[in-house]
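Got your viewer open? Let's take a short walk through this one, from the whole chain down to a few side chains.

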Amino acid sequence: ITTAIPTLKDGLIQGNGARIAGIKRINDGFIEKRLNSATTEDNYNQILSDKLGQLEKIFGEVDGDGFNKTLTRFFTSFTELAGNPEDEAIRSYVRENAAMVSRDFSGMNEKLTSIGGDLDTQISIQVEDVNELAKQVAKLNKKIQMMEANGSEANDLRDQRDLAIRNISKIFKVSTYEDNLHN
């Protein structure tokens, strides 16, 4: 902000107040990098928590009758069969338990395959997103360079670029470096 040039009117000097000389962008690169790093870490932990929660549902023993109990029942029935190999009822019990173990394994396989497919799809989408954001950053860099080479301020473009980089950091770790060629 600077003082506007006063004018002379009817022999009196009349002030014209202040005028904006320019707008300067204030940005702390260190804080920006820490924010990007924290964004990456937070998003990673959220995804990890979500996926581990899904695995916990598959392998968990929430109701006390999970896979561990089914497997224990299966091996216990084998022990009973070893003590009485001729008993048809025990043989039938072993077959039932084996079928339950097989169904549990099959169900787990389906769920794990589904989680893997979801992860593959998510990664494909994120790769596309990162490619688009990287193109956007490249275009913004060119525009910033051109504007600042002509002596103009590129504050809005720099803000847009920082936002694009922050969006990339939601997907994976980002490291940036800026040359101060315009100085």
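Start with the contacts: what share of those in the chain with a separation of 6 or more comes from residues 24 or more positions apart? The answer is 51%. Keep in mind as you click around that this is a predicted model.

**Whole chain, cartoon view**

Select everything and colour by secondary structure. You should count four helices and four strands. Going along the sequence, the order reads β-β-β-β-α-α-α-α, with the strands ahead of the helices.

Now line the view up with the principal axes. The C-alpha atoms take up a box of roughly 125 × 30 × 25 Å. The radius of gyration is 33 Å, whereas a compact globule of 183 residues would come in near 16 Å.

**Surface and charge**

Switch on the surface. Its accessible area is about 13700 Å², and carbon and sulfur atoms hold 56% of that. How many of the 183 residues count as buried, as a percentage? That would be 19%.

Next, colour the charged side chains. There are 23 positive and 29 negative ones, and the centre of the positive set sits 9 Å from the centre of the negative set.

**Helix H2, the aromatic stop**

Select residues 67-83, which make up helix H2, and show Phe-74 and Phe-78 as sticks. These two are four residues apart, about one turn of the helix. The structure as a whole has two aromatic pairs. Why does the pair of Phe-74 and Phe-78 count as edge-to-face? Their ring planes meet at 80 degrees, and the cut-off for that label is over 60. The ring centres are 5.0 Å apart.

Add Phe-75 to the selection: Phe-74, Phe-75 and Phe-78 form one aromatic cluster.

Is Phe-74 buried or exposed? Phe-74 counts as buried, because its relative accessibility is 13% and the limit is under 20%. Phe-78, at 39%, counts as partly exposed.

**Helix H3, and across to Ala-164**

Move on to residues 88-149, helix H3, and pick out Lys-135. With a relative accessibility of 49%, Lys-135 counts as partly exposed, since exposed would take a value over 50%.

For the last stop, keep Lys-135 selected and add Ala-164. How far apart in space are the C-alpha atoms of Lys-135 and Ala-164? Draw the distance and you should get 9.8 Å, for two residues that are 29 apart in sequence.

Definitions and conventions
Residues numbered from 1 in each chain as written. Predicted model: local features only at pLDDT ≥ 70, side-chain atom pairs only at ≥ 80, totals over all residues. Heavy atoms only, no water. Rg over C-alpha atoms; globule rule 2.2 N^0.38 Å. Buried < 20%, exposed > 50% of the residue type's maximum accessible area, 1.4 Å probe, protein only. Contact = heavy atoms within 4.5 Å. Areas by Shrake-Rupley, 256 points an atom, 1.4 Å probe, with all protein chains shown as cover. Lys, Arg positive; Asp, Glu negative; His and termini not counted. Charge placed at Lys NZ, Arg CZ, Asp CG, Glu CD. Phe/Tyr/Trp six-rings, centres within 6.5 Å; stacked < 30°, edge-to-face > 60°.
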